[in-house]
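Work through the exercises below with the sequence and the structure in view. Try each task before reading its solution.

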Amino acid sequence: MDSRKLGRTGRDVSVIGLGTWQLGADWGEVTEADATAVLEASVESGVTVFDTADVYGDGRSEQVIGKFLRSHDGITVATKMGRRMDQVPENYVLDNFRAWTDRSRKNLGVDTLDLVQLHCPPSATIDADATYDALDALVEDGAIAAYGVSVETADQALSAIARPHVASVQIILNAFRLKPLDRVLPAAREAGVGIIARVPLASGLLSGKYDEHTTFAADDHRTYNRDGSAFDVGETFSGVDFATGVAAAREFTKLAGQYGPEGATPAQVALAWVAQLDGVSTVIPGARNPDQARANAAAGSLPALAPELQDGVRKLYDTYFREAVHDRW
């Protein structure tokens with residue numbers, strides 16, 4: 001699998017990583033054995049970066065990864081902090097940062113965290129000088145090696161990219177959410193900031209496996225957060241209406257079949273589409289089982305996608321999504 005520098009961390013990471021939200025059992029029950037099997041299959045397939053957060057399973061995802069790290073080297077772990085308290089600016093202060101990172105260090109079993117990202121904080125926090133002064137202090141303490149910001153909007157991403165010590169920005173980016181291509185990716189390239197692309201399959205829509213009658217477990221955010229009542233609705237199906245997303249996914253599946261590499265699944269084509277964007281450092285799909293993990297990783301070695309497919313993605317976005325989502329995030 002190809003690898004790239006993860007921005008100002010200076011670390012080489014695989015272009016396909018692993019998102020581990022689901023390993024915290026926030027998408028339905030996942031046993032520790034199953035979670036470990038996903039990690040193992042990912043690493044065997046060339047994945048060298050895991051993305052997690054202190055809030056995934058209230059630390060369970062970090063703990064599972066921490067146990068895995070005891071017998072595996074060469075893995076970069078990007079964790080996130082800031083959603084175990086109310087997301088208000090006054091909570092994003094050095095004392096809390098120290099407490100949160102201490103907890104993550106314990107969960108992961110490390111002295112220094114590779115990369116800590118603020119977990120979709122308020123815009124006022126992203127814009128404040130004091131935020132970065134506090135994060136710099138953590139670097140000076142040796143608690144973290146580098147920091148970044150996970151954002152909801154393109155404007156938040158641009159604000160973070162402008163900061164001199166921000167190593168990476170994590171943002172939703174997939175064939176149904178193209179706004180980051182306009183300004184975020186060019187700005188990140190110019191600044192040397194890494195881009196971690198999350199929700200690359202639009203919560204599974206781009207796998208082409210769902211129809212209008214598909215249902216999800218009650219404890220799956222694709223059920224309980226469709227209206228954004230638990231957190232930003234953009235995190236669930238990328239904020240697109242489910243029925244609209246299913247219709248667009250059918251069109252994407254046709255595009256993938258007609259113009260994608262021979263033998264590649266729609267999900268693999270969707271992942272390769274993100275991974276091949278200039279400026280993206282790594283893409284972090286989740287996986288519920290080892291087969292999914294291996295299939296996702298294989299997308300990192302697909303050949304360059306055909307121009308006809310690229311054009312088709314643009315047309316799909318303009319037809320189904322631009323009016324609904326472009327100005328929202």
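**Exercise 1: a strand and its neighbours**

In this predicted model, find the residue of strand β7 that is the bridge partner of Q117, and then work out how the strands around β6 are paired.

Solution. Begin at Q117, whose bridge partner in β7 is G148. Widening the view from this pair to the strands, one finds that β6 and β7 (residues 147–150) run parallel and are joined by four bridges. Next, turn to strand β5 (residues 76–81), which also runs parallel to β6 and is joined to it by four bridges; here K80 has Q117 as its bridge partner in β6. To get from β5 to β6 the chain passes through helix α3 (residues 94–108), and this β-α-β crossover is right-handed. Finally, consider how covered β6 (residues 115–119) is: five of its five residues are buried, that is, each has under 20% relative accessible area.

**Exercise 2: two helices that cross**

Determine how the axes of α3 and helix α5 (residues 129–141) cross, and which residues make the contact.

Solution. First take the axes, which come within 9 Å of each other and cross at roughly 45 degrees. Because an angle of this size is neither under 35 degrees nor in the range from 65 to 115, α3 counts as oblique to α5. The crossing in which α3 passes α5 is right-handed. As a last step, list the residues in contact: α3 contributes L94, F97, R98 and T101, while α5 contributes T131, A134, L135, A137, L138 and D141.

Definitions and conventions:
Residues are numbered from 1 along each chain as its sequence is written. This is a predicted model: local features need pLDDT of at least 70, side-chain atom pairs count only at pLDDT 80 or more; totals for chains, interfaces and linings use all residues. Side-chain values use heavy atoms; hydrogens and water are left out. Buried means under 20% relative accessible area, exposed over 50%, partly exposed in between (1.4 Å probe, protein chains only). Helices (H or I, at least four residues) and strands (E, at least two) are DSSP runs, numbered from the N terminus. Two strands pair if DSSP finds at least two bridges between them. A crossover is right-handed if, with the strands pointing away from the viewer, the path from the first strand over the helix to the second runs clockwise. Axes are lines fitted to C-alpha atoms, for helices over the stretch in contact, and angles run from 0 to 180 degrees between N-to-C directions. Angles under 35 degrees count as roughly parallel, over 145 as roughly antiparallel, 65 to 115 as roughly perpendicular and the rest as oblique. A crossing is left-handed if the near helix is turned anticlockwise from the far one by less than a right angle, and right-handed if clockwise. Contact means heavy atoms within 4.5 Å.
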